[in-house]
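Q: I am new to this structure and should be grateful for a close look at one part of it. Please explain that part in a connected way, together with what lies around it.

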Amino acid sequence: MPVISIAIQKGGSGKTTTALNLGAALCREGKKVLLIDADPQANLSQSLGIEDEPAFNLYSELKKEILQEGGQLSKAIVSTPQGLDVVPASIDLAIVELEMAGLMGREYLISELLNPVVDRYDYVFIDCPHSISLLTVNALVASDYVMLPLPGEFLPLKGVYGFMRQFDTIRKKLNPRLELMGMVMTKYDERKQMNVGVKKQLEEKFDGKVFQTVIRTNIQLAKAQEAGKDIFSFDRSANGAKDYRRLADELMQRAHQEVLPQVRVA
Ligand SMILES: Nc1ncnc2c1ncn2[C@@H]1O[C@H](COP(=O)(O)OP(=O)(O)OP(=O)(O)O)[C@@H](O)[C@H]1O
Ligand SMILES: [Mg+2]
């Protein structure tokens, strides 16, 4: 706990980069972290050096749930040498949406798979696809929080409003405990007026919900992903490593402030 979806319906925003490197930063702080790759593109799995599709993956277990054969997420968990646990994706996730479409309770499949393993972890991150699809809905239904990575050059407000409408519907109809953890600016360059302006605009609209930490544009982040590594294993002195370490610290503070009162009430 907590379960955090990383989502926004815009490709190339930094969702996978954030899941990978924020997860890796928390892992280096001694936290037990599970990353779930819920995108048929399987970029997160590849970025962790998982090249071949393992026999057990998110799709194989979702398929068993659909067939009522008892999917088990624990079977699909791969542990990386750096100490991260990962549930890899599979290209078949692209068709799972069709397979689950007519099913009663189709929005709860990831949640059901996650329930038996969630207590083993300090943080669970779900890397979502760039569409608000049934897979994203499943991820949001299974989550306590959602984090939105937003590149500063993307005119984000429209996309964010579109996402927030979906978020409200999911809260009302499917998962009332879902909270907006925050928005984090990615591919940020403080010399670019547009980047600074977009951040300011978001801070005005979503008071207290924009992370103070920004993730600067850093080519090492892209190179690390290509090499199948997190930024700390690839180049720990890179700006990308500094920024994700800072983001991890800020997230731990927020989780501490926001999650603890809920625990006390329970
Ligand atoms: N801060 C950054 N600086 C430089 N390059 C970055 C940064 N963040 C991400 N990238 C690169 O931008 C590309 C897109 O990032 P990423 O894959 O994380 O986006 P995404 O939101 O997961 O995309 P998709 O919606 O397709 O899944 C990748 O090549 C990644 O390495
Ligand atoms: Mg991605």
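How do the residues of the shell around ligand 1 divide into nonpolar, polar and charged?

A: The model is a predicted one, and the description below should be read in that light. The residues of the shell around ligand 1 divide into four nonpolar, 13 polar and three charged. There are 20 residues around the ligand, and those that come nearest to ligand 1 are K15, T16, T17, H130 and A222.

Two helices deserve attention here. Helix 1 and helix 10 each supply at least two residues of the shell around ligand 1. Helix 10, which spans residues 219-226, gives the most to this shell, with four residues.

Helix 10 may be considered next. Its residues L221, A224 and Q225 are buried. Viewed down the axis of helix 10, these buried residues fall within an arc of 100 degrees, and therefore they line one face of the helix. The face turned away from that buried side carries I219 and E226, both of which are exposed. Just after helix 10 comes G228, which takes a positive phi of about 75 degrees.

The other helix leads to the sheet. The sheet is open and has seven strands, in the order 3-4-2-5-1-6-7, and its pairing is mixed. Its edge strands are strand 3 (78-79) and strand 7 (179-186), each of which pairs on one side only. Helix 1, made up of residues 15-28, packs on this sheet. The strands that helix 1 touches are strand 1 (3-6), strand 2 (33-37), strand 5 (123-127), strand 6 (145-151) and strand 7. The direction of helix 1 makes about 165 degrees with that of strand 5.

At the edge formed by strand 3, the pairing can be followed to individual residues. Strand 3 pairs with strand 4 (residues 85-87) in the antiparallel sense, over two bridges. V78 has V86, in strand 4, as its bridge partner.

A last residue belongs to another helix. K158 lies in helix 8, which covers residues 156-173. K158 has 10 other C-beta atoms within 10 Å, and a residue with 12 or fewer counts as exposed, so K158 is exposed. From C-alpha to C-alpha, K158 and V117 are 36 Å apart in space, while in sequence they are 41 residues apart.

Technical notes: Residues are numbered from 1 along each chain as its sequence is written. Chains are lettered from A and ligands numbered from 1 in the order in which they are written. This is a predicted model: local features need pLDDT of at least 70, side-chain atom pairs count only at pLDDT 80 or more; totals for chains, interfaces and linings use all residues. Two strands pair if DSSP finds at least two bridges between them. Two residues are in contact if their C-beta atoms, placed from the backbone, lie within 7 Å. Axes are lines fitted to C-alpha atoms, for helices over the stretch in contact, and angles run from 0 to 180 degrees between N-to-C directions. A residue is near a molecule or strand if its C-beta atom, placed from the backbone, lies within 6 Å of it. Ala, Val, Leu, Ile, Met, Phe, Trp, Tyr, Cys and Pro count as nonpolar, Asp, Glu, Lys and Arg as charged, and the others, Gly among them, as polar. A residue is buried if 20 or more other C-beta atoms lie within 10 Å of its own, exposed if 12 or fewer, and partly exposed in between; C-beta atoms are placed from the backbone. The arc is that of the directions from the helix axis to the C-beta atoms.
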